[in-house]
Amino acid sequence: MSNSPRCIALIAGTFLLAGAPALRAQAAKATTKTKAAHAQARFKLTAPDLEAKGRITPAHVFNGMGCNGQNISPTLNWSNPPAGTKSFAVTAYDPDAPTGSGWWHWVMYNIPATATGLPAGAGNGRNAPRGSQEGNTDFGNKGYGGPCPPAGDKPHHYHFTVFALKVDKLDVPGNATAAMVGFNLNANKLATARVTGLYAR
């Protein structure tokens with residue numbers, strides 16, 4: 001058999017072609033493992049108090065303005081925050097409110113990085129994490145204000161969002177509006193996770 005450069009190249013090419021399926025299989029397997037690892041490590045938020053299909057219960061509905069709920073902020077649990085997280089913040093927002101700018105129902109920030117969630121009622125001054133603060137909502141005060149959409153509207157979407165932040169405290173005044181806090185949250189976020197509940201009356 002000739003040892004000419006052309007023959008050597010043909011032999012090498014044959015071995016490469018023969019090994020290509022195995023190499024592709026290995027690459028695909030590695031990619032699958034990487035995707036699985038990313039999926040497991042994804043920043044995640046759950047709200048176990050919400051009913052099936054994300055329907056918000058009367059316990060978390062506003063008490064006033066024609067609504068008769070108990071106005072208790074729901075339990076929220078989060079996991080797998082990104083590396084470098086120094087604090088958390090939570091917001092509740094209704095983009096369907098007929099205001100032209102939605103409606104802010106809850107703003108809590110400066111939640112310690114050691115927190116893994118909020119117990120029910122944390123937005124009502126019950127067992128809130130030490131050092132956490134609450135911002136003004138569109139009800140005109142601080143603390144959790146539950147859903148209370150106009151009667152007869154289609155179900156509104158209530159977005160509960162947790163922010164993982166790169167700062168341990170937000171530099172905002174105590175009377176900051178929800179929009180001002182939101183601006184600072186987005187300027188300092190590392191990641192967000194969200195659950196959405198529905199409510200109509």
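Which residue stands opposite Trp103 in β6? Asp94 does, and the pairing that contains it is taken up in the third legend. The model is predicted, with local features requiring pLDDT of at least 70 and side-chain atom pairs counted only at pLDDT 80 or more, while totals for chains, interfaces and linings use all residues. Residues are numbered from 1 along each chain as its sequence is written, and side-chain values use heavy atoms, with hydrogens and water left out.

**Legend 1. Overview of the protein chain.**
The protein chain has 2 helices and 10 strands, where helices (H or I, at least four residues) and strands (E, at least two) are DSSP runs numbered from the N terminus. Starting at the N terminus, the elements follow the order α-β-β-β-β-β-β-β-β-β-α-β. Of its 201 residues, 40% count as buried; buried means under 20% relative accessible area, exposed over 50%, and partly exposed in between (1.4 Å probe, protein chains only). The exposed area of the chain is about 11300 Å², of which carbon and sulfur atoms supply 56%; areas come from the Shrake-Rupley method with a 1.4 Å probe, and for residues only the protein chains shown count as cover. Among contacts with a separation of 6 or more, 70% join residues 24 or more positions apart, a contact being heavy atoms within 4.5 Å.

**Legend 2. The open sheet of 5 strands.**
The strand order is β8-β6-β5-β9-β10, with antiparallel pairing; two strands pair if DSSP finds at least two bridges between them. β8 (133-134) and β10 (189-199) are the edge strands, each with a single partner, so one side of each has no neighbour in the sheet. Strands of a sheet pair through backbone hydrogen bonds, either parallel or antiparallel.

**Legend 3. β5 and its two partners.**
Strand β5 covers residues 87-94 and strand β9 covers residues 156-165; the two are antiparallel over 7 bridges. Phe88 has Ala164 of β9 as its bridge partner, and Val90 has Val162 of β9. β5 also pairs with β6 in the antiparallel sense, over 7 bridges, and here Asp94 stands opposite Trp103. In β5, 7 of the 8 residues are buried, so the strand is largely enclosed by the rest of the structure.

**Legend 4. β9 against β10.**
β9 and β10 run antiparallel and are joined by 10 bridges. Phe163 has Thr192 of β10 as its bridge partner. Of the 10 residues of β9, 9 are buried, so this strand is largely enclosed by the rest of the structure.

**Legend 5. Helix α2 and its cover.**
Helix α2 spans residues 178-188, and its buried residues are Ala178, Val181, Gly182, Asn184, Leu185 and Asn188. Seen down the helix axis, the buried residues fall within an arc of 165°, so they line one face of α2; the arc is that of the directions from the helix axis to the C-beta atoms. Ala179 and Phe183, on the other side of α2, are exposed. The cover over the buried residues of α2 includes β5, β6 (103-112), β9 and β10.

**Legend 6. Nonpolar cores.**
The largest nonpolar core has 29 residues, of which Trp78, Trp106 and Phe160 touch the most other members. A nonpolar core is a set of buried Ala, Val, Leu, Ile, Met, Phe, Trp, Tyr and Cys residues joined through side-chain atoms within 4.5 Å. β4 (76-79), β5, β6, β9 and β10 are the elements that give two or more residues to the largest core. A second, separate core has 11 residues, including Ala89, Tyr109, Leu165 and Ala176.

**Legend 7. The disulfide between Cys67 and Cys148.**
The count of disulfides is 1, a disulfide being a pair of cysteine sulfur atoms within 2.5 Å. The sulfur atoms of Cys67 and Cys148 are 2.1 Å apart. Cys67 lies in strand β3 (residues 67-68) and Cys148 in the loop between β8 and β9, so the pair ties together parts 81 residues apart in sequence. The torsion about the S-S bond is about 95°, so the disulfide is right-handed. Cys67 has 3% relative accessibility and counts as buried; Cys148, at 14%, also counts as buried.
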